[in-house]
Amino acid sequence: MSINDTQEELIEEFGLFDDWADKYEYLIDLGKKLPGLSDEFKTEDNVIKGCQSRVWLHAFMQEGKLIFQADSEAVIVKGLISMLIRVLSEHTPSEIMKADLYFIDRIGMSQHLAQTRSNGLLSMVKQMKNYALAYSSQA
């Protein structure tokens with residue numbers, strides 16, 4: 001699936017819920033389903049700067065595609081990073097760098113997150129795109 005196909009899928013899934021309490025519950029469920037990150041990758045180097053909660057992001061190349069793995073101590077943040085992983089992981093660095101992540105606005109996440117969480121979400125996106133840039137020479 002393309003990045004935009006996955007974004008459309010998420011928009012559709014969140015569209016099934018009428019109120020924000022249900023959307024937050026779904027976001028938390030997404031976070032609970034995210035596989036944990038091995039302790040060997042829970043290092044200071046992998047902590048995303050700019051997030052209020054601790055978020056570890058690990059990236060590696062596999063067959064020309066960038067794979068992301070992450071974890072967080074906060075369930076909502078874990079849900080946010082799980083959506084980003086779903087959208088961006090297993091794509092080429094070039095696709096990731098060019099991606100317009102419109103799903104965040106379309107599901108209403110940017111309007112319903114606290115300012116600190118919104119800043120953290122932007123930091124997660126920035127770090128994922130930075131990894132894509134760093135790995136682009138290897139693709």
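Visitor: Which residues does UniProt list for "domain: Fe-S metabolism associated"?
Guide: The model here is predicted. The domain label comes from a UniProt record, an unreviewed entry. That entry gives the span as residues 11-130.

Visitor: How far apart are the end C-alpha atoms of residues 11-130?
Guide: Start with the make-up of the span. Helix accounts for 52% of it and strand for 13%. Its two end C-alpha atoms lie apart by 25 Å.

Visitor: How is α2 set against α3: roughly parallel or roughly perpendicular?
Guide: Helix α2 covers residues 20-33, and its axis lies 7 Å from that of α3. The angle between them is about 75 degrees. Angles of 65 to 115 degrees count as roughly perpendicular. Therefore α2 stands to α3 as roughly perpendicular.

Visitor: How many nonpolar residues are in the contact of α2 with α3?
Guide: From α2 come Y24, Y26, L27, I28, L30 and G31. They meet V75, I76, K78, G79, L80, S82, M83 and R86 in α3. Sorted by class, three are polar and two charged, while the nonpolar ones number nine.

Visitor: What describes the placing of α1 against α3: oblique or roughly parallel?
Guide: Helix α1 spans residues 3-15 and helix α3 spans residues 75-88. Their axes come within 8 Å and cross at roughly 140 degrees. Roughly antiparallel would need an angle over 145 degrees. So α1 is, relative to α3, oblique.

Visitor: How many charged residues does the contact of α1 with α3 have?
Guide: On the α1 side are I3, T6, Q7, E9, L10, E13 and F14. On the α3 side are M83, R86, V87 and L88. Six of these residues are nonpolar and two are polar, and the charged ones number three.

Visitor: What is α1 to α2: oblique or roughly perpendicular?
Guide: The axes of α1 and α2 are 10 Å apart, at an angle of about 130 degrees. Roughly perpendicular covers 65 to 115 degrees, and roughly antiparallel begins over 145. So the α1 and α2 pair is oblique.

Visitor: How many polar residues are in the contact of α1 with α2?
Guide: L10, E13 and F14 of α1 touch K23, Y26, L27 and L30 of α2. By class, five are nonpolar and two are charged. For polar residues, the count is no residues.

Visitor: Which helix gives the largest share of the lining of the largest cavity?
Guide: The whole structure holds one cavity of 30 Å³ or more, and the volume of the largest is about 50 Å³. Its lining is C51, Q52, S53, V77, T116, R117, G120, L121 and M124. Four of those are nonpolar, four polar and one charged. Five lining residues come from one helix, residues 115-135, named α7.

Key:
Residues numbered from 1 in each chain as written. Predicted model: local features only at pLDDT ≥ 70, side-chain atom pairs only at ≥ 80, totals over all residues. Heavy atoms only, no water. Axes fitted to C-alpha atoms, helices over the stretch in contact; angles between N-to-C directions. Helix = DSSP H or I, 4+ residues; strand = E, 2+ residues; numbered from the N terminus. Parallel < 35°, antiparallel > 145°, perpendicular 65-115°, else oblique. Contact = heavy atoms within 4.5 Å. Nonpolar A, V, L, I, M, F, W, Y, C, P; charged D, E, K, R; others polar. 1 Å grid on protein atoms, 1.4 Å probe; cavity = no way out; pocket = protein on both sides within 12 Å on 5 of 7 lines; lining within 4 Å. Points joined across faces, edges and corners; volume = space filled by probe spheres on them. UniProt positions renumbered as here; feature names shortened; annotations may be inferred.
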